[in-house]
Amino acid sequence: MTKPKRRKNNAGVRVNGNGPSVTREPDSWKKQKLAEIHQALNSDPVDIETLRRAAASKGGLLIDELRRKVWPKLLNVNVYDLPHKPGRDVRENHKDYNQVLLDVRRSMKRFPKGMPATERAVLQEQLIDIILEVLKHSPQLHYYQGYHDVAVTLLLLVGERRAIAMLHTLSNHHLRDFMDPTMDSTKHILNYLMPIIEQVDTELHDFMIRAEVGTIFALSWLITWYGHVLSEFRHTLRLYDFFLASHPLMPIYLAAAIVLHREKEVKRTECDMAMVHHLLSRIPQDLPYELLIGRSQALFDQYPPSLLAKRAALQSHKSLSISTFQSFQLSTLHQRPDSVLQRLTKARGSSASRHDHRHPGLEAALSRDRGLLLGQGNRMVKMAVWGLSATLGAAVFAVAQTAMDWGPEMLFQLF
């Protein structure tokens with residue numbers, strides 16, 4: 001009997017109770033997702049909600065080329081109106097220069113393996129300037145150890161000028177609580193961890209309470225968006241997709257998901273602070289990230305911050321990141337696609353070279369574009385002002401201190 005020839009195709013086979021059945025080709029969902037992302041980017045205004053869903057759902061933004069286009073949109077950054085590269089004067093008399101220099105010098109593991117030393121040295125110099133430039137233009141922000149881990153992730157993906165613009169927005173919104181002069185706001189965010197765990201697994205929660213392990217094991221996860229503790233850059237990028245599209249507290253929900261995922265390991269450990277801290281502070285590098293991202297989102301939906309904040313321990317402090325998040329999200333919804341922004345930029349450049357003698361038709365078109373871009377009118381302006389006021393209010397705090405009277409360097413080196 002002649003065997004039938006095997007057809008060459010990319011179809012997968014799913015085995016179920018009724019026998020094998022042919023599915024769509026394995027990567028068809030990726031092709032569909034790529035098409036949806038491109039369509040969202042080219043919509044006018046840009047379809048930010050679709051981009052957020054894409055960044056948070058399975059696979060994230062899939063490829064770095066798309067991340068370079070989508071990340072700025074998620075942060076409302078116009079890539080055709082970027083800050084200039086910092087001048088050498090950015091380092092002069094800057095109070096954080098020496099600490100930033102030390103942190104960047106010992107950040108070698110954050111650069112790709114095999115990168116030539118000369119190339120890495122150039123990037124490290126850019127990293128120093130990026131950080132100092134953002135701090136210079138936002139004096140209400142205070143540098144913390146681990147901030148450079150966020151900055152280097154942006155630098156490696158999008159380059160120096162985009163990294164400055166994106167880091168500025170992140171620092172004034174998602175990372176804002178970490179950039180107070182004291183660690184009070186950071187501890188407040190960490191205080192969400194145990195209530196989330198308690199909602200899901202009271203036994204695990206009670207075990208951790210008896211061990212008196214606290215939440216300090218998750219500090220470096222939180223303030224670096226896990227960049228400091230993950231060895232593979234692709235995993236860091238995937239988590240950044242998720243966090244950029246999500247509520248500022250999502251990193252703490254992921255921390256809860258990781259602890260819950262390791263529940264059996266934790267319970268098998270001796271109920272001792274040092275032992276449990278040692279186990280939890282070292283994240284396995286083979287975690288199922290897609291599963292954990294999905295669980296984090298489910299935890300957030302089931303136990304939102306507003307529910308957890310009713311606890312007495314979470315009522316004593318107001319988070320700037322949380323309080324400005326809604327206005328920030330609204331501000332991202334009326335962006336023009338890059339093709340339009342590029343055209344507008346070229347039009348403005350050519351008109352400026354003609355000493356502002358614009359053609360009436362072009363002037364009318366530019367006016368319409370500005371009107372669409374700012375189309376929400378006074379309501380959006382008010383929301384932006386409220387968010388800005390909340391951010392600037394932090395400028396009145398005193399000189400930086402750290403939790404439990406530890407210096408920041410001593411604290412960070414626990415991890």
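**Two cavities and a few backbone oddities**

Trainee: How do the residues lining the second largest cavity divide into nonpolar, polar and charged?
Mentor: Keep in mind that we're looking at a predicted model. Seven names make up this lining: His 174, Asp 177, Phe 178, Ile 189, Pro 248, Leu 249 and Ser 321. Phe, Ile, Pro and Leu count as nonpolar and Asp as charged, while residues outside the nonpolar and charged lists count as polar. So the lining of the second largest cavity splits into four nonpolar, two polar and one charged.

Trainee: Which domains each give at least three residues to that lining?
Mentor: The cavity in question holds about 30 Å³ of space. Its lining includes His 174 and Phe 178, along with Ile 189 and Leu 249. At least three lining residues come from each of domain 1 (88–178) and domain 2 (183–317).

Trainee: What about the largest cavity: which helix gives the most to its lining?
Mentor: The largest cavity has a volume of about 40 Å³. Look through its lining and you'll find Arg 52, Leu 74, Leu 244, Ala 245, Ser 246, Phe 325, Phe 328 and Gln 329. With three residues, the top contributor is helix 19 (residues 325–331).

Trainee: How many residues in the lining of the largest cavity are charged?
Mentor: Arg is on the list of residue types that count as charged, and Arg 52 is part of this lining. The lining also has five nonpolar and two polar residues, and the number of charged ones is one.

Trainee: Moving to the backbone, which residues does the cis peptide bond join?
Mentor: Head for the loop between helix 1 (28–42) and helix 2 (48–56), where Pro 45 is found. Omega there is about 5 degrees, and the bond joins Asp 44 and Pro 45.

Trainee: Is Leu 62 buried, partly exposed or exposed?
Mentor: Leu 62 is found in the loop between helix 2 and helix 3 (64–74), and its phi is near 70 degrees, a positive value in a residue other than glycine. Its relative accessible area is 22%. Buried needs under 20% and exposed needs over 50%, so Leu 62 is partly exposed.

Trainee: And what is the relative accessible area of Asn 93?
Mentor: Asn 93 lies in the loop between helix 3 and helix 4 (97–105). Phi is positive for Asn 93 too, near 55 degrees. Asn 93 counts as exposed, because its relative accessible area is 82%.

Trainee: Last one: what share of the chain's residues count as buried?
Mentor: The chain has 23 helices and two strands. Of its 415 residues, the share that count as buried is 48%.

Methods:
Residues numbered from 1 in each chain as written. Predicted model: local features only at pLDDT ≥ 70, side-chain atom pairs only at ≥ 80, totals over all residues. Heavy atoms only, no water. 1 Å grid on protein atoms, 1.4 Å probe; cavity = no way out; pocket = protein on both sides within 12 Å on 5 of 7 lines; lining within 4 Å. Points joined across faces, edges and corners; volume = space filled by probe spheres on them. Helix = DSSP H or I, 4+ residues; strand = E, 2+ residues; numbered from the N terminus. Domains from an automatic or database assignment. Buried < 20%, exposed > 50% of the residue type's maximum accessible area, 1.4 Å probe, protein only.
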